[in-house]
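The following exercises introduce a protein chain step by step. Each task sentence is followed by a worked solution.

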Amino acid sequence: ETAVLCGAPWFEGVFAQLIARRFATARALANEGVEVAICGRDEVSLDAAATRIGAVGLVADVSDAEGAHGFVRDAHAALGGLDILVTNAGGPPPGRFADVSDPEEYRRAFELNCLSIIAMCAEAVPLMQAQQWGRVLAITSIAVFMVTLDNGEVRTADVRDANLTTA
């Protein structure tokens, strides 16, 4: 089996807990014998993570459709197949719903958290259909289960991904 995961590089410090679930997913799949490709924007962190996992590391920014499509295409080519797609493009800056004064923040969050997943799926799902097997796992946020007004701009986009991938 082959698995393609976005956003898996390991970072120390402040981002460690946020990134740990992505890294752990990639490592767990590799430990089960799955050939894994991961991506990240920072080549140094990506190379370190790929080495620790035993994965193929591809520099890619999946925050827009072109980057998302390109990552899945490159990973498919590098692995010679694609059985599992794990999406995770990050998220918008934290903040409270009441503090959002610029609707542009919602657009950026939607593009990052929903449209990037759609782009990756648009590239991956036809490959999976052709082989009559495949799985998509969207790692979003616990916020999809705790929608409140404390941080609405993040949760709005996360809820959309959860609904998209469970449909």
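**Exercise 1. The pairing of the strands**

How many bridges join β1 to β2, and do the two strands run parallel or antiparallel?

Solution. The model examined here is a predicted one.
- Step 1. Strands β1 and β2 run parallel, and five bridges join them.
- Step 2. One point of reference in this pairing is Thr2, which stands opposite Glu35 in β2.
- Step 3. Strand β1 is also joined to β4, by three bridges, and this pair runs parallel. Here Ala3 stands opposite Ile84 of β4.
- Step 4. From β4 the pairing continues to β5: four bridges join these strands, which run parallel. Thr87 stands opposite Ala138 in β5.

**Exercise 2. The order of the elements**

State how many helices and strands the chain has, and in what order they run.

Solution.
- Step 1. Counting the elements gives five helices and five strands.
- Step 2. Read from the N terminus, their order is β-α-β-α-β-α-β-α-β-α.
- Step 3. The chain has 167 residues, of which 44% count as buried.
- Step 4. Among contacts with a separation of 6 or more, 63% are accounted for by residues 24 or more positions apart.
- Step 5. About 8800 Å² of the chain is exposed, and carbon and sulfur atoms supply 55% of that area.

**Exercise 3. The cover of two strands**

Determine which residues of β1 point one way and which the other, and whether they are buried or exposed.

Solution.
- Step 1. On one side of β1 lie Thr2, Val4 and Cys6, while Ala3 and Leu5 point the other way.
- Step 2. Residues on both sides are buried, in keeping with the count of five buried residues out of five for this strand.
- Step 3. Strand β4 can be treated in the same manner: Ile84 and Val86 lie on one side, Leu85 and Thr87 on the other, and all are buried.

**Exercise 4. The surroundings of Thr2**

Why does Thr2 count as buried?

Solution.
- Step 1. Thr2 belongs to strand β1.
- Step 2. The cut-off for a buried residue is under 20% relative accessible area. Thr2 counts as buried because its relative accessible area is 6%.
- Step 3. Leaving aside residues up to four places away in sequence, Thr2 touches Val34, Glu35, Leu79, Gly81, Leu82, Asp83 and Ile84.
- Step 4. A polar atom of the Thr2 side chain lies 3.1 Å from the backbone nitrogen of Leu82.

**Exercise 5. Helix α3 and its packing**

Identify the buried residues of α3 and the elements against which they pack.

Solution.
- Step 1. Helix α3 covers residues 65-79, which is 15 residues. From first C-alpha to last it reaches 21 Å, close to the 21 Å expected.
- Step 2. At the start of this helix, a side-chain oxygen of Asp64 comes to within 3.3 Å of the backbone nitrogen of Glu66.
- Step 3. The buried residues are Gly67, Ala68, Gly70, Phe71, Val72, Ala75 and Leu79.
- Step 4. These buried residues pack against β1, β2, β3, β4 and α4.
- Step 5. Just after the helix, Gly80 takes a positive phi of about 80°.

**Exercise 6. Helix α4 and the residue that follows**

Where does α4 bend, and by about how many degrees?

Solution.
- Step 1. Helix α4 spans residues 104-131 and has 28 residues. Its reach of 40 Å from first C-alpha to last is close to the 40 Å expected.
- Step 2. The bend is found at Glu111 and amounts to about 35°.
- Step 3. Several residues of α4 are buried, including Ala109, Leu112, Ser116, Ile117, Met120 and Met128.
- Step 4. Just after α4 comes Gln132, placed in the loop between α4 and β5. Gln132 has a positive phi of about 60° although it is not a glycine.
- Step 5. An exposed residue has over 50% relative accessible area. Gln132 is therefore exposed, with a relative accessible area of 73%.

Definitions and conventions:
Residues are numbered from 1 along each chain as its sequence is written. This is a predicted model: local features need pLDDT of at least 70, side-chain atom pairs count only at pLDDT 80 or more; totals for chains, interfaces and linings use all residues. Side-chain values use heavy atoms; hydrogens and water are left out. Buried means under 20% relative accessible area, exposed over 50%, partly exposed in between (1.4 Å probe, protein chains only). Contact means heavy atoms within 4.5 Å. Accessible areas come from the Shrake-Rupley method with a 1.4 Å probe; for residues, only the protein chains shown count as cover. The expected span of a helix is 1.5 Å times one less than its number of residues. The bend at a residue is the angle between axes fitted to the seven residues ending there and the seven starting there. A polar contact is a pair of N or O atoms within 3.5 Å; within protein, one must be able to donate a hydrogen and the other to accept it, and residues adjacent in sequence count only if both atoms are side-chain atoms. Two strands pair if DSSP finds at least two bridges between them.
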